[in-house]
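This report looks at how a group of helices pack and at the empty space left around them. The description moves from the helix contacts to the pockets and then to the enclosed space.

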Amino acid sequence: MQTATRYAQVLEVAEREGVDGRVRVVDGRALVPDLAVMERTLLGVARQGPFQAGPAAQHLLGAGGKRLRPTLLFLVARLFGQDPEGLPELAAVAELVHSATLLHDDVIDMGEERRHQPAARMIWGNAVSVLAGDFLLTRSLKLAAQSRVREAMPMLLDVMDRMVGAEIHQLALRGHSEATEKDYWEVV
């Protein structure tokens, strides 16, 4: 919701300053309802988390963030004239996967702070943080499987497979100064 509000504010300034309307793909205010549904979906998923995984997931998701992935999903869908039913839920899938990786990354990197708050691992410990990330991943898979977009599940599995491979590659490079540009791009 914060992203949509910020985008709407930027558009108001652009209109006031006379910025050419052709630079806009879509009026950001049109994203507000979809982002609100997406946000409710995220927090609803987190509240369903078992035991301490729920509060750990809520801690991260409730801290906000830019919500860049969902916003880009909405913008690209509209750019190509697509607005499939369930798009806010697919946007939630993107954010859930991203959030799961943040919970995992904080454990791997021993991060102490995330989004100007203590990282979940600092409050609930590493095991809960990893399991909260796993919980968000499994819920993202369930949401994708329930989607009416036929390609959602295969695409998500492909992205997750590549993402895990890149993380493993990055871990293998840790402490090695001879990493190449090719290594860099494989991790990215």
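## Helix packing and empty space

In this predicted model, Leu90, Val93, Val97, Thr101, Asp105 and Ile108 of H5 meet Ala152, Leu156, Met160, Met163, Glu167 and Leu171 of H8. By class, this contact of H5 with H8 has nine nonpolar, one polar and two charged residues. The axes of H5 and H8 come within 12 Å and cross at roughly 20°, and because angles under 35 degrees count as roughly parallel, H5 is roughly parallel to H8. The crossing of these two helices, H5 and H8, is right-handed.

Helix H7, residues 126–146, packs against H8 as well, with the two axes coming within 8 Å and crossing at roughly 150°. That angle makes H7 roughly antiparallel to H8, and the crossing of H7 and H8 is right-handed. On the H7 side the contact is made by Leu137, Ser140, Leu141, Ala144 and Ala145, and on the H8 side by Ala152, Met153, Leu156, Leu157 and Met160. The residues of the contact of H7 with H8 divide into nine nonpolar, one polar and no charged.

H5 also packs with H7, at an angle of about 160° and with the axes 8 Å apart, which makes H5 roughly antiparallel to H7. Here H5 passes H7 in a left-handed crossing. The residues that H5 brings to this contact are Glu89, Ala92, Val93, Leu96, Val97, Ser99, Ala100, Leu103, His104 and Val107, while those from H7 include Asn126, Ser129, Val130, Asp134, Leu137, Ser140 and Ala144. Sorted by class, the contact of H5 with H7 holds 13 nonpolar, six polar and two charged residues.

The three helix pairs are set out below.

| Helix pair | Axis distance | Crossing angle | Handedness |
|---|---|---|---|
| H5 and H8 | within 12 Å | roughly 20° | right-handed |
| H7 and H8 | within 8 Å | roughly 150° | right-handed |
| H5 and H7 | 8 Å | about 160° | left-handed |

From the packing of the helices, the account turns to the open space. The largest pocket has a volume of about 1,000 Å³, and of the 29 residues that line this pocket, Arg69, Ala94, Met155, Leu156 and Val159 are the closest to its centre. Helix H4 (68–79), helix H5 (87–108), helix H8 (152–173) and helix H9 (181–187) each supply at least two residues of this lining, and H8 gives the most, with nine residues. The lining of the largest pocket divides into 19 nonpolar, four polar and six charged residues. Leu156 thus appears in more than one setting, as a residue of H8 that meets H5, as part of the contact of H7 with H8, and among the residues closest to the centre of the largest pocket.

The second largest pocket has a volume of about 180 Å³. Its lining is made up of Thr101, His104, Asp105, Ile108, Leu137, Met163, Val164 and Glu167, and the elements that give two or more residues to it are H5 and H8. The largest share of this lining, four residues, comes from H5. The residues of the lining of the second largest pocket divide into four nonpolar, two polar and two charged. Among these lining residues, Thr101, Asp105, Ile108, Met163 and Glu167 also belong to the contact of H5 with H8, while Leu137 takes part in the contact of H7 with H8 and in that of H5 with H7.

How many cavities of 30 Å³ or more does the structure hold? The structure holds one such cavity, and about 50 Å³ of space lies in the largest cavity. This cavity is lined by His59, Leu60, Ala63, Leu103, Asp106, Arg114, Gln117, Pro118, Ala119 and Ala120. Helix H3 (53–62), H5 and strand S2 (117–118) each supply at least two residues of its lining. By class, the lining of the largest cavity has six nonpolar, two polar and two charged residues. Leu103, one of the residues lining the cavity, is also among the H5 residues in contact with H7.

Notes: Residues are numbered from 1 along each chain as its sequence is written. This is a predicted model: local features need pLDDT of at least 70, side-chain atom pairs count only at pLDDT 80 or more; totals for chains, interfaces and linings use all residues. Side-chain values use heavy atoms; hydrogens and water are left out. On a 1 Å grid over the protein atoms alone, a cavity is a set of points where a 1.4 Å probe fits but cannot get out, and a pocket is an open set with protein on both sides within 12 Å along at least five of seven lines; lining residues have an atom within 4 Å of a point. Grid points are joined across faces, edges and corners, and a volume is the space filled by probe spheres set on the points. Ala, Val, Leu, Ile, Met, Phe, Trp, Tyr, Cys and Pro count as nonpolar, Asp, Glu, Lys and Arg as charged, and the others, Gly among them, as polar. Axes are lines fitted to C-alpha atoms, for helices over the stretch in contact, and angles run from 0 to 180 degrees between N-to-C directions. Angles under 35 degrees count as roughly parallel, over 145 as roughly antiparallel, 65 to 115 as roughly perpendicular and the rest as oblique. A crossing is left-handed if the near helix is turned anticlockwise from the far one by less than a right angle, and right-handed if clockwise. Contact means heavy atoms within 4.5 Å.
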